[in-house]
Amino acid sequence: MRRWLVRLYTAGELVLLNLISYAPIHILRTTTLKILGAKVASTATVYHGFEVRCARRLTVGERTSIGDRATLDARGGLTIGADVNLSTEVQIWTAQHDWRAPDFAYVATPVQIGDQVWIGPRAIILPGSNIGDGAVVAAGAVVKGDIPPYTLVGGVPASKIADRPRDLTYKLAPKRAKTLWW
């Protein structure tokens, strides 16, 4: 009975979040995430069409911007720092199947994203990844593992391209600086 209730809750959460992700008013999207247990900073921006799995294991920092149609799989735990820019269609995964296991076992491991990180459009972050403060992940890159702070990575699999300056002082615009419809 308990397993059935958990599955029902999970399905209901996915349906509700899918519907609310297209709500035309930002506060409806963030409030629903918070009701379902996510810790979303009041200054964070969550754009249209997102997909969140297991909201109660999601943390989003101050002034962070979650782009259109982003997939945030928090089943294994997902922490996103402050002033992080997740571009359009970014995918962050914290759970998958173990292709080497005879039973195709389900494995979940957390993903940590530091402060002032920029993840480019359609980049994919795989389970267990840790992206250091100030790092940049280029568009379309696939990240597995640790990305050192203030490093630009790109490609499949992602590898170091360059260093980023360490004297970053910017803060992303809070949601109140944007129009009502976003």
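**Figure 1. Strand 16, strand 19 and strand 20 side by side in the predicted model.** Here strand 16, residues 136–137, runs parallel to strand 19, and two bridges join them. V137 sits across from V153 of strand 19. On to the next pair: strand 19 and strand 20 run antiparallel and are joined by four bridges. V153 turns up again here, with K160 as its bridge partner in strand 20.

**Figure 2. The hairpin of strand 19 and strand 20.** Four residues lie between the two strands of this hairpin, and G155 takes a positive phi near 100°. Look also for the cis peptide bond that joins V156 and P157, where omega is about -5°. P157 belongs to the loop between strand 19 (151–154) and strand 20.

**Figure 3. The seven-stranded open sheet.** Reading across, the strand order is 2-5-8-13-16-19-20, and the pairing is mixed. Strand 2 (45–46) and strand 20 (159–163) are the edge strands, each pairing on one side only. Further in, strand 5 (residues 65–66) and strand 8 (residues 85–86) are parallel partners over two bridges. If you want a landmark for that pair, find S65, which stands opposite N85 in strand 8.

**Figure 4. The five-stranded open sheet.** This one is parallel, and its strands come in the order 3-6-9-14-17. Strand 3 (51–53) and strand 17 (142–143) are at the edges with a single partner strand each, so one side of each has no neighbour in the sheet. Strand 14 pairs with strand 17 in the parallel sense, over two bridges. I124 has V142 of strand 17 as its bridge partner.

**Figure 5. T71 and the residues it touches.** T71 is part of strand 6. Its relative accessibility is 10%, which is under the 20% limit, so T71 counts as buried. Leaving out residues up to four places away in sequence, T71 touches E51, V90, Q91, I92 and W93.

**Figure 6. Two arginines with positive phi, R63 and R69.** R63 is not a glycine, yet its phi is positive at about 60°. You'll find R63 in the loop between strand 4 and strand 5. With a relative accessible area of 18%, R63 is buried, because the limit is under 20%. R69 also isn't a glycine, and its phi is positive too, near 55°. The loop between strand 5 and strand 6 (71–73) is where R69 is found. At 41% relative accessibility R69 counts as partly exposed, because that value lies between the 20% and 50% limits.

**Figure 7. I119 in the largest nonpolar core.** This core has 38 residues, and I80 and I119 are the ones with the most contacts inside it. Helix 1 (2–20), strand 4 (58–60), strand 7 (78–80) and strand 12 (111–113) each bring at least two residues to this core. So who does I119 meet? Setting aside neighbours within four places in sequence, I119 is in contact with N85, L86, S87, V90, I113, I125, I131 and V137. V137 is the residue that stands opposite V153 in strand 19, and N85 is the one opposite S65.

**Figure 8. L126 in its loop.** L126 is found between strand 14 (124–125) and strand 15 (130–131). Its relative accessibility is 23%, so L126 counts as partly exposed, the limits for that class being 20% and 50%. Not counting neighbours within four places in sequence, L126 is in contact with W93, V111, V142, V143 and K144. V142 is the bridge partner of I124. For a distance to check on screen, take L126 and P110: these two are 16 residues apart along the chain, and their C-alpha atoms are separated by 9.6 Å.

**Figure 9. The second largest pocket.** About 160 Å³ of space lies inside. The lining is made up of Q96, H97, D98, W99, R100, V107, T109, P127 and K144. Sorted by class, that gives three nonpolar, three polar and three charged residues. K144 is a lining residue of this pocket and also one of the contacts of L126.

Note on methods: Residues numbered from 1 in each chain as written. Predicted model: local features only at pLDDT ≥ 70, side-chain atom pairs only at ≥ 80, totals over all residues. Heavy atoms only, no water. Pairing = 2+ DSSP bridges. 1 Å grid on protein atoms, 1.4 Å probe; cavity = no way out; pocket = protein on both sides within 12 Å on 5 of 7 lines; lining within 4 Å. Points joined across faces, edges and corners; volume = space filled by probe spheres on them. Nonpolar A, V, L, I, M, F, W, Y, C, P; charged D, E, K, R; others polar. Core = buried A, V, L, I, M, F, W, Y, C linked by side-chain atoms within 4.5 Å. Buried < 20%, exposed > 50% of the residue type's maximum accessible area, 1.4 Å probe, protein only. Contact = heavy atoms within 4.5 Å.
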